[in-house]
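Student: Could you take me slowly through one loop residue and its surroundings, and then through the parts of the chain that it leads to?

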Amino acid sequence: NTKQENVSDDLYIKASVNKTKVYQGEQIIATYQLYTRVNISGNELVKSVDLNGFWSQEIDLGESQWRQEIIGGYRWHIATIRKLVLFPQRSGDLVIDPLEMKFLVQRRAQGGGQSVFDQFFGRVENVEYSLKSKPINIKVMPHPKPTPEGFNGAVGNLDMTVDVSTNEIKANEAINIKVKVSGKGNINLIEAPEIDFPSDFEIYDPKINDKTSTTSAGVSGYKEFDYLVIPRNKGNYKIDPISFSYFNPSTKKYQTITSEPIEINVLKGEAGSENMVYSAPNKEDIKVLG
């Protein structure tokens, strides 16, 4: 973990990451902790972390949990104030810039006050401190060459499934073809796979359904591309196997998942059915691809 020197004798922000050398698209967990030996009466975020070159996802920490630790003979109170999952978007040397905060700290004032209580117990005043964490250097390695066909930057431990609503249909009726990528990795950034549809199929932009969770273990979940397809003519059609390639940083290897070919038997449609209206996803802003 990246070390953080004291900004002051009594209060500092420690920034750390779980790794400083990763592949492009591999997730990093960044943690910001507040160490204090004084009472804090207020705080304000001055400047959030600059994340040039990273795509980020905040981890919900819930209520701040304080813990105590003896460091250098002193009792410190420690709280995690922020935690992020970061995905480097390009290779090279990247920097996570400091997190800057202001704190109001209660200090015993010099000199006694006017009242008997002030003279006996001492007066307390609020002093403003400006703190920043140390910048963190990250070395990002490019994806190894050669990259397989169908690789669009997906990184993690992933899987792909293909589901077809029906393999037999009448002309001018709709089929749903769903391609689902799931697992752990940069799921939010995964692009729709390329599918070679027959030329007389009417194809709409896929409706995207996704569900991910962001925890201290990183981002996991799924992203599904739901294609609405309308065959216009009778016949037997075959859609070539759909391939999805991703890079697994744990094994340092690419993996390619390939579906079976999709066979669709299109029967003769009802007369005049080409004028039927279909309940396509996002119909009001739909775009015809082919």
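Tutor: Strands here are DSSP runs of at least two residues marked E, and they are numbered from the N terminus. With that in hand, and keeping in mind that this is a predicted model, we can place His143 in the loop between β11 (136-141) and β12 (151-164). Although His143 sits in a loop, His143 is buried, because its relative accessible area is 14% and buried means under 20%. A polar atom of the His143 side chain lies 2.7 Å from the backbone oxygen of Gln24. Once neighbours within four places in sequence are left aside, His143 is in contact with Gln24, Phe151, Gly153, Val155, Phe247 and Tyr254.

Two of these names, Phe247 and Tyr254, take us to strands β19 (residues 243-248) and β20 (residues 253-258), which run antiparallel and are joined by six bridges. One of the pairings across these strands is that of Asn248 with Lys253 in β20. The hairpin of β19 and β20 has four residues between the strands, and in this hairpin Lys252 takes a positive phi near 60°.

Returning to β11, we can also look at the loop between β10 (124-132) and β11, where Pro135 is placed. Pro135 is partly exposed, with a relative accessible area of 42%. Its C-alpha atom is separated by 4.9 Å from that of Pro98, although the two residues are 37 residues apart along the chain. Leaving aside neighbours within four places in sequence, Pro135 is in contact with Val95, Ile96 and Pro98.

Note on methods. Residues are numbered from 1 along each chain as its sequence is written. This is a predicted model: local features need pLDDT of at least 70, side-chain atom pairs count only at pLDDT 80 or more; totals for chains, interfaces and linings use all residues. Side-chain values use heavy atoms; hydrogens and water are left out. Buried means under 20% relative accessible area, exposed over 50%, partly exposed in between (1.4 Å probe, protein chains only). A polar contact is a pair of N or O atoms within 3.5 Å; within protein, one must be able to donate a hydrogen and the other to accept it, and residues adjacent in sequence count only if both atoms are side-chain atoms. Contact means heavy atoms within 4.5 Å. Two strands pair if DSSP finds at least two bridges between them.
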